[in-house]
Amino acid sequence: MPIYGYKGTMKIVENLKITVATLVVLAIILMVWMPPLGSLRLVFGGFYVIIVPGLLMTYAFFKNEELNFVERLHFALALSIVKVSLLIFNLGRIGMWINAINILGVVTLVNGAALLIILWRNRLMIKRQRT
């Protein structure tokens, strides 16, 4: 079975559906105590800043079979917290203003870089499988 193939993509899409459904339910529950847009911002913003960067980095550094879901989630949390915190801290040290827009931009750039690494790695794996 190929490391990066149709079945792996389908599993990622299925996990993404479950994750989005869970986040929507959590946002709806939080709407009891918070304004609707505030709860959506908290849930999806927190997921985007705390989970996504580390999850993308775990897919960039480790093969699908090397880590199970719990190990990948733990690595993702640790990598996200460390990476985003260090980036924001260092950007503040060089004089960049720290606000929600700048943090969103930095996290988006980091996620884009991780996606490029994943795509590059997938391309190498496909070339190796063909030869």
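These are my notebook entries on a predicted model of one protein chain.

**Entry 1. Overall layout**

I began with the secondary structure. The protein chain has 5 helices and 0 strands. Read from the N terminus, the order of elements is α-α-α-α-α. I then took the extent of the C-alpha trace, which spans about 55 × 40 × 20 Å along its principal axes. For burial I looked at the whole chain: of its 131 residues, 24% are buried.

**Entry 2. The second largest pocket**

I looked up the volume of the second largest pocket and noted about 230 Å³. Which residues line the second largest pocket? I listed R41, L42, G45, G46, Y48, V49, A100, I101, I103 and L104. The elements that contribute two or more residues to this lining are α2 (36-50) and α5 (100-130). Which element gives the most to the lining? That is α2, with 6 residues.

I sorted the lining residues of this pocket by type and got 7 nonpolar, 2 polar and 1 charged. Arg counts as charged and Gly as polar, so R41 is the charged one and G45 and G46 are the polar ones.

**Entry 3. N111 and Y48**

Y48 is on the pocket list, and I followed its side chain to N111. The side chains of N111 and Y48 are joined by a polar contact of 3.4 Å. N111 is located in helix α5. Is N111 buried or exposed? Its relative accessibility is 5%, and the limit for buried is under 20%, so N111 counts as buried.

**Entry 4. Aromatic pair**

I searched the whole structure for aromatic pairs, and the search gave 1. The pair consists of F62 and F75, with 5.4 Å from centre to centre and 35° between the planes. Why is the pair called tilted? Planes under 30 degrees apart would be stacked and planes over 60 would be edge-to-face, so an angle of 35° falls in the tilted class.

I placed the two residues next. F62 is in the loop between α3 (52-61) and α4 (69-93), whereas F75 is in helix α4. They are 13 residues apart, and the pair links distant parts of the chain. I also checked how open each residue is. F62 has 23% relative accessibility and counts as partly exposed. F75 has a relative accessible area of 38% and is partly exposed as well.

**Entry 5. R72 and Y59**

I looked for a charge over a ring and noted R72 with Y59. R72 lies over the face of Y59, at 4.2 Å from the ring centre.

**Entry 6. Two residues of α4**

I took H74 and I88, both for their burial and for one C-alpha distance each. H74 is in helix α4. Its relative accessibility is 53%, and exposed means over 50%, so H74 counts as exposed. From H74 to L55 the separation is 19 residues along the chain and 9.2 Å between C-alpha atoms.

I88 is also in helix α4. At 16% relative accessibility, I88 counts as buried. I88 and V107 are 19 residues apart along the chain, with their C-alpha atoms separated by 9.3 Å.

**Entry 7. T19 and I98**

I closed with two partly exposed residues and a C-alpha distance for each. T19 sits in helix α1 (residues 6-30). Its relative accessibility of 26% makes T19 partly exposed. How far apart are T19 and L104? I noted 85 residues in sequence and 20 Å in space, C-alpha to C-alpha. L104 is one of the residues lining the second largest pocket.

I98 lies in the loop between α4 and α5. Its relative accessible area is 44%, so I98 is partly exposed. Between I98 and E66 I noted 32 residues in sequence and 36 Å in space, again C-alpha to C-alpha.

Methods. Residues numbered from 1 in each chain as written. Predicted model: local features only at pLDDT ≥ 70, side-chain atom pairs only at ≥ 80, totals over all residues. Heavy atoms only, no water. 1 Å grid on protein atoms, 1.4 Å probe; cavity = no way out; pocket = protein on both sides within 12 Å on 5 of 7 lines; lining within 4 Å. Points joined across faces, edges and corners; volume = space filled by probe spheres on them. Helix = DSSP H or I, 4+ residues; strand = E, 2+ residues; numbered from the N terminus. Phe/Tyr/Trp six-rings, centres within 6.5 Å; stacked < 30°, edge-to-face > 60°. Buried < 20%, exposed > 50% of the residue type's maximum accessible area, 1.4 Å probe, protein only. Lys NZ or Arg CZ within 6 Å of the ring centre and 35° of its normal. Polar contact = N/O pair within 3.5 Å; in protein donor to acceptor, adjacent residues only side chain to side chain.
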